[in-house]
Every structure is written in C-alpha cells, then in structure tokens.
Amino acid sequence: MTDRKNTDVTQTYYCPECSNSLEYLHGCGSVSYFCNTCKKLVSRNNMLTFEEMKNKKLKIKDNK
Ligand SMILES: [Zn+2]
C-alpha cells in the first residue's frame, strides 16, 4: 500500500468537498483528518494540500 504523498503534520490540509482546513486527529497509531464543516473524516488520499486546494478553486472558477 502506498500513500499518494507523505503526511506532514506541520502542514495544513484541506477538505476536497468544501475546501476548508482540516483538523488533525491522531490516536491508536493512525492519523486522520476531520472536516468540521462536513462533519466527517477525510482520508489522506482525498485531502488536499494548499496548492491542490488553490488549483481546484481556480478550476472551479474557470468552469463557470
Ligand atoms: Zn469539508
């Protein structure tokens, strides 16, 4: 199993659905990110870095 990218806990990640920043959760040896807006966990494969979030917002703008 390979992660798409390494998780850097010092970096802020963003929700793929609402683009809000995710809350870092950890416990039981696993790391997860929670979106307080969507009220759900976001997997490491789905969460966005700042750059990805920015690019996504630009793409959404372009489509309208
Ligand atoms: Zn969200």
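Leaving aside neighbours within four places in sequence, Tyr-14 is in contact with Ser-19, Asn-20, Ser-21, Leu-22, Met-47, Leu-48, Phe-50 and Met-53. This is a predicted model, and the contacts of Tyr-14 are a convenient way into it. Tyr-14 itself lies in the segment before β1. With 23 other C-beta atoms within 10 Å, Tyr-14 passes the cut-off of 20 and is therefore buried. A further relation ties this part of the chain to a remote one: the C-alpha atoms of Tyr-14 and Lys-54 are separated by 9.8 Å, although the two residues are 40 apart along the chain.

Tyr-14 also belongs to the largest nonpolar core, which has nine residues. The other members are Tyr-13, Cys-15, Leu-22, Tyr-33, Cys-35, Val-42, Met-47 and Leu-48. Met-47 shows how this set is joined. Apart from neighbours within four places in sequence, Met-47 is in contact with Tyr-13, Tyr-14, Leu-22, Tyr-33 and Val-42, and also with Pro-16. Over the whole protein chain, buried residues make up 14% of the 64 residues. Of the contacts between residues at least 6 apart in sequence, 39% join residues at least 24 apart.

The secondary structure can be listed briefly. The protein chain has one helix and three strands, and along the sequence they follow the pattern β-β-β-α. The three strands form an open sheet in the order β1-β2-β3, with antiparallel pairing. β1 (23-27) and β3 (40-42) are the edge strands; each has a single partner strand, so one side of each is left without a neighbour in the sheet. From one strand to the next, the twist averages 45°.

The pairing can be followed residue by residue. β1 and β2 are joined in the antiparallel sense over five bridges. Within this pair, Glu-23 stands opposite Phe-34 in β2, and Leu-25 has Ser-32 of β2 as its bridge partner. On the other side, β2 (residues 30-35) pairs with β3 over three bridges, again in the antiparallel sense. One of the residues involved is Cys-35, whose bridge partner in β3 is Lys-40. Cys-35 is thus named twice, since this residue is also listed in the largest nonpolar core. β1, by contrast, is hardly covered: none of its five residues is counted as buried.

The backbone between the strands deserves a look at its phi angles. The hairpin of β1 and β2 has two residues between the strands, and in it Cys-28 takes a positive phi near 55°. The hairpin of β2 and β3 has four residues between the strands, and there Lys-39 takes a positive phi near 60°. Lys-39 has this positive value although it is not a glycine. Lys-39 sits in the loop between β2 and β3. With 7 other C-beta atoms within 10 Å, Lys-39 falls under the limit of 12 or fewer and so is exposed.

Ser-19 is a further case of positive phi in a residue other than glycine, with a value near 65°. Ser-19 is found in the segment before β1, and Ser-19 is also among the contacts of Tyr-14 given at the start. What is the exposure of Ser-19? Ser-19 has 16 other C-beta atoms within 10 Å, a count between the two cut-offs, and is therefore partly exposed.

How far the details can be trusted depends on the confidence of the prediction. The protein chain averages a pLDDT of 84, and 83% of the residues score at least 70. Among the elements of the chain, β3 has the highest mean pLDDT (93) and β1 the lowest (84). Where pLDDT is low, the predicted coordinates should not be read in detail.

Terms used. Residues are numbered from 1 along each chain as its sequence is written. This is a predicted model: local features need pLDDT of at least 70, side-chain atom pairs count only at pLDDT 80 or more; totals for chains, interfaces and linings use all residues. Two strands pair if DSSP finds at least two bridges between them. Axes are lines fitted to C-alpha atoms, for helices over the stretch in contact, and angles run from 0 to 180 degrees between N-to-C directions. pLDDT is the predictor's confidence in each residue, from 0 to 100. Two residues are in contact if their C-beta atoms, placed from the backbone, lie within 7 Å. A nonpolar core is a set of buried Ala, Val, Leu, Ile, Met, Phe, Trp, Tyr and Cys residues joined through C-beta atoms within 7 Å.
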